[in-house]
Structure formats: structure tokens, C-alpha cells
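Trainee: Could you take me through one part of this model in close detail? I'd like to hear about the side-chain pairings and what surrounds them.

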Amino acid sequence: GEVEVKHTFLQKVQTSMSVSKVTEMVVDRERVSTYSMIELEVALHLVRQEAHKIPPEMVHIDLLDACGRIAFCTYFTAEDHPKHRISTKDGYAIKEYIIGDRVNGAYAVIGVNTPAKSDVKELQWWNECANVSTGSIVPSNCTAVIPVENSNLFVRPTGTAKEVIQLNLHEIKETNIREVGSDYKGGVQIVGAKTMITPTIAALLGSNNHKTVKVFRRPIIGVLSTGDELIDYMKADSKNP
């Protein structure tokens, strides 16, 4: 028992001496910096004297990588969009139709227009029509597209005979045609120089056949850390977060 008491007493003495020594070291530290302080504006002026402005540099990049980058120059739309009259519905394109009139009659289908191919460029007679798909070019002189749900098959095509459809008595309130330039006109600014390219702007650039774009080269930035306050994050643990 006596040996254990002496051991505990010695531990307390050693601990007290260690704390006293550490406290003494802190107290004796230099309170005045050995380096003279300067004003912030003076420091910034010195930095600017040594820093060199990097001239802007242009690079070509793929349009798919352009989002978030800064445009180097101004881009404009190349032409009206759409550049052709486009059907907004599946149906039958007819000529000489006035909005508000009622359509009722048999029409011979003289061809089919799809977004990939246009067989019918123009209609010759009032009782002719072209079968058109959504997004396809309509014949140049047609005035409306009658939706397919407002038609019935009247005569099936056999041999040289053409298909004939019956357009039901129906009041059409829209032409169902997107006119040339209804989205935007040619010569309209898409994005200005020194402007960030967003997904919407990138889509407009793509619709105007820009596969690559000119942007500012991104600066290369290096970070130099000093002092022992920072540690490698891979070596951080619960004691040194």
C-alpha cells in the first residue's frame, strides 16, 4: 500500500512540472511580430506589380462540351426556323381552305410526306390532298392540315387507283401548320461574346449547324498552401479533422 501511494504521488509531481513547463513556454513567447505590417492596399499594389495579366486565348471545342463555358464571340441564327412550312399533326394537307369553314368531301391522296422524305411538293386540284406526318414539310400551296382523326377511308387504293379519304363535316379552328420563321428569324443573336453557354443556348447553336464553338480557354490555377495547419485529407482522422 505504501509503495502504491508513493508511485501516485510521483506521477502527480511529474504532471505538475510538465504543465508548468508548457505554461512557461507560452508565457515567454514573443508578443510582437518580427515582421512589419503593411496596409492591405499597399499589399495589393505589390501583388499587382508582380502579377502579369494573361491575354485571352480562344479554343475550339465540341458543342457537347460547351455548356458552362464562356463564348469567345457572338453567334447569330443562320436562317429562319423552321425554314419550311411544317405540319404540327398527322393528317391530310389540303388547299383552298379558310379557317371557320366546314370541310366535307372526298379527297384523293396523291402522296405521302414524312420528316425524312417529301413526295408532294404542291397540290394541283382542290380535291387532292397529301398524307402528312407531324414534323413533315407540307405542300407549298396547302392552307391547312386536317387531323387524321377527322377523316375516314372512302376508297382503298387498288392497282392504279389512288386512295380516297372522306373528310368529315368538321369545323377546323387551326391550320395545324408552323409557318416559316415562326420559331425565330435569321440574324437573331443566339449568344453574345463573354456570355456563358447554357443548355438552351447550346441547343440553339446545334439547330443552326454549329458542331464546334469558340470559347475562352480556361485558366490553369495552382494553389500553394503554407503552414502546418493544413494536412493531407487522405491522412486526416478523428483527432485531426
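Mentor: Here's a walk through the charged pairs, then the rings, then a few single residues.

Before the details: this is a predicted model, where local features need pLDDT of at least 70, side-chain atom pairs count only at pLDDT 80 or more, and totals for chains, interfaces and linings use all residues. Residues are numbered from 1 along each chain as its sequence is written, and side-chain values use heavy atoms, with hydrogens and water left out.

Some background on the chain. It has three helices and 12 strands (DSSP runs numbered from the N terminus, with helices being H or I of at least four residues and strands E of at least two). Of its 241 residues, 24% count as buried; buried means under 20% relative accessible area, exposed means over 50%, and partly exposed is in between, with a 1.4 Å probe and protein chains only. The accessible surface comes to about 18000 Å², and carbon and sulfur atoms hold 57% of that (Shrake-Rupley method, 1.4 Å probe; for residues, only the protein chains shown count as cover). Take the contacts with a separation of 6 or more: residues 24 or more positions apart account for 74% of them, a contact being heavy atoms within 4.5 Å.

Now the charged pairs. There are five salt bridges in the structure, each defined as a side-chain nitrogen of Lys or Arg within 4 Å of a carboxyl oxygen of Asp or Glu. One of them joins Arg217 and Glu57, with N to O at 3.2 Å. Arg217 sits in the segment after strand E12 (212-216) and Glu57 in the loop between helix H2 (40-50) and strand E1 (58-62), so this pair ties together parts 160 residues apart in sequence. Both ends are partly exposed: Arg217 has a relative accessible area of 46%, and Glu57 is at 40%.

Another one pairs Arg85 with Glu179, whose closest N and O atoms are 3.1 Å apart. Here the two ends are loops, the one between strand E2 (75-76) and strand E3 (86-87) for Arg85 and the one between strand E10 (177-178) and strand E11 (189-191) for Glu179, so parts 94 residues apart in sequence get tied together. Arg85 is buried at 18% relative accessible area, whereas Glu179 is partly exposed at 38%.

Then there's Asp119 with Lys117, where the closest N and O atoms are 3.8 Å apart. Lys117 counts as exposed at 54% relative accessibility, and Asp119 is partly exposed at 44%.

Arg85 also turns up around Ser136. Leaving aside neighbours within four places in sequence, Ser136 is in contact with Arg85, Ile86, Ser87, Asn113, Thr114 and Pro115. Ser136 belongs to the loop between E6 and strand E7 (144-147), and at 0% relative accessibility it counts as buried. Its side chain reaches the backbone oxygen of Asn113 at 3.4 Å. A polar atom of that same side chain lies 2.6 Å from the backbone oxygen of Ser133.

On to the rings. The structure holds two aromatic pairs; rings of Phe, Tyr and Trp (its six-membered ring) pair if their centres lie within 6.5 Å, with planes under 30 degrees apart called stacked, over 60 edge-to-face and the rest tilted. Phe72 and Phe216 have ring centres 4.8 Å apart and planes at 55 degrees, so they are a tilted pair. With Phe72 in the loop between E1 and E2 and Phe216 in strand E12, the pair links distant parts of the chain, 144 residues apart. Phe72 is partly exposed, at 30% relative accessible area. The Tyr107 and Trp126 rings have centres 6.1 Å apart and planes at 85 degrees, so that pair is edge-to-face. Tyr107 is in strand E5 (residues 102-113) and Trp126 in the loop between E5 and strand E6 (128-132), so the parts tied together are 19 residues apart in sequence. Tyr107 counts as buried at 8% relative accessibility.

Last, Met196. You'll find Met196 in the loop between E11 and helix H3 (199-207), partly exposed with a relative accessible area of 48%. Apart from neighbours within four places in sequence, Met196 is in contact with Gly68, Arg69, Ile70 and Ile201. Met196 and Cys67 are 129 residues apart in sequence, yet 7.7 Å apart in space, C-alpha to C-alpha.

Note on methods. A polar contact is a pair of N or O atoms within 3.5 Å; within protein, one must be able to donate a hydrogen and the other to accept it, and residues adjacent in sequence count only if both atoms are side-chain atoms.
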